[in-house]
Amino acid sequence: KCKIPVATTPPPEVTINYRHGLPVITLTLPTRSERCRFTVKPMVTTVGAFLQDVQREDKGIERAEVFATDGSKVSDATLMEVLLMNDFKLVVNNTAYSVSPPAKEMLSSEHATEMEDIKSLVHRLFVALHLEDHQIRKERELLQKLDHLKEELLPLEQMKARIMDRADAKTSRLLWVGLALMSTQGGALAWLTWWVYSWDIMEPVTYFITYGSAMAFYAYFVLTKQDYIYPDAKDRQFLHYFYQKSKKQHFNVERYNKLKEDLAEAEESLRRLRQPLHLRLPIQEINDKD
């Protein structure tokens, strides 16, 4: 802001004072012969922006530059905070002013704490004002991603269901065949024991059959590193048939699993996004949005 000077001849020097923690640069406008004060934000305002403000205030200023004490020109992109650390020269038209910035007063610890509290409050206000828009935009993105993943998974789910039905049917047939073979073996041993031979002859045969079964179970453990438990053996055989059918029908198991993981991750992100505690919104508002 500018004010009309009391003296008839304004002082030519440039003064810098700090008010409310911000530097105030006071200089004389050459055309209007007025003392004008410019309050700058040192961490935001650049030298070029300050010079533009000076020229904008006095249209008669054709040249406005800043030089260091060694004569080198200061770049317009330099922050005023850096410029005010040392002495410099301000050239307005054909007049050069030597400027010596005063040392900035250090803030007290209480004042610094108060400023940090104000910054934290401003940050919370910004988050509160923009959280709902961000939540709606993020929710829309997740819903679009879910729709896209479900469209990709639909044909794979149908193909998987057909393959699982066939693998399950083949596994069930294998179990029934195993039961039939065991029943046939039991019936044959009984027939040979009571009708053809005696128990004295069949006892070694049954012993070697039992020993052979134990060897088969041990071989299963050596090959699979698993005990021969009927549910586990059934699941293993089911997976064998499933991957065999998948290869024949060109069903990409890895791509299917990746899509399922992405779908679960997107659903979990959407669930967390809609949590009332996460949004700091009442439960009723969340239900209305759903």
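Trainee: Which helix gives the largest share of the nonpolar patch?

Mentor: Keep in mind that we're looking at a predicted model. The patch covers about 790 Å² of surface and is made by Trp 191, Trp 194, Trp 195, Val 196, Tyr 197 and Ile 201. Its largest share, 4 residues, comes from the helix spanning residues 109–196, and that's α3.

Trainee: Is Tyr 197 buried, partly exposed or exposed?

Mentor: Tyr 197 is one of the patch residues, and you'll find it in the loop between α3 and α4 (199–224). Buried means under 20% relative accessible area and exposed means over 50%, with partly exposed in between. Tyr 197 has 44% relative accessibility, so it counts as partly exposed.

Trainee: OK, now the sheet. Which strands stand at the edges?

Mentor: It's an open sheet of 3 strands, paired antiparallel, in the order β5-β6-β7. Two of the strands each have a single partner, so one side of each is left without a neighbour in the sheet: they are β5 (64–68) and β7 (95–99).

Trainee: Which residue in β7 does Lys 89 stand opposite?

Mentor: Strands of a sheet pair through backbone hydrogen bonds. Here, β6 (residues 88–92) and β7 run antiparallel, joined by 5 bridges. Across from Lys 89, in β7, stands Ser 98.

Trainee: And at what angle does helix α1 run to β5?

Mentor: First, a look at the sheet itself: its twist averages 25° from one strand to the next. Helix α1, residues 47–57, lies across β5 and β6. Its angle to β5 is about 140°.

Methods. Residues numbered from 1 in each chain as written. Predicted model: local features only at pLDDT ≥ 70, side-chain atom pairs only at ≥ 80, totals over all residues. Heavy atoms only, no water. Pairing = 2+ DSSP bridges. Axes fitted to C-alpha atoms, helices over the stretch in contact; angles between N-to-C directions. Contact = heavy atoms within 4.5 Å. Patch = residues over 30% accessible without salt bridge, like charges linked within 9 Å, V, L, I, M, F, W, Y side chains within 5 Å. Areas by Shrake-Rupley, 256 points an atom, 1.4 Å probe, with all protein chains shown as cover. Salt bridge = Lys/Arg side-chain N within 4 Å of Asp/Glu carboxyl O. Buried < 20%, exposed > 50% of the residue type's maximum accessible area, 1.4 Å probe, protein only.
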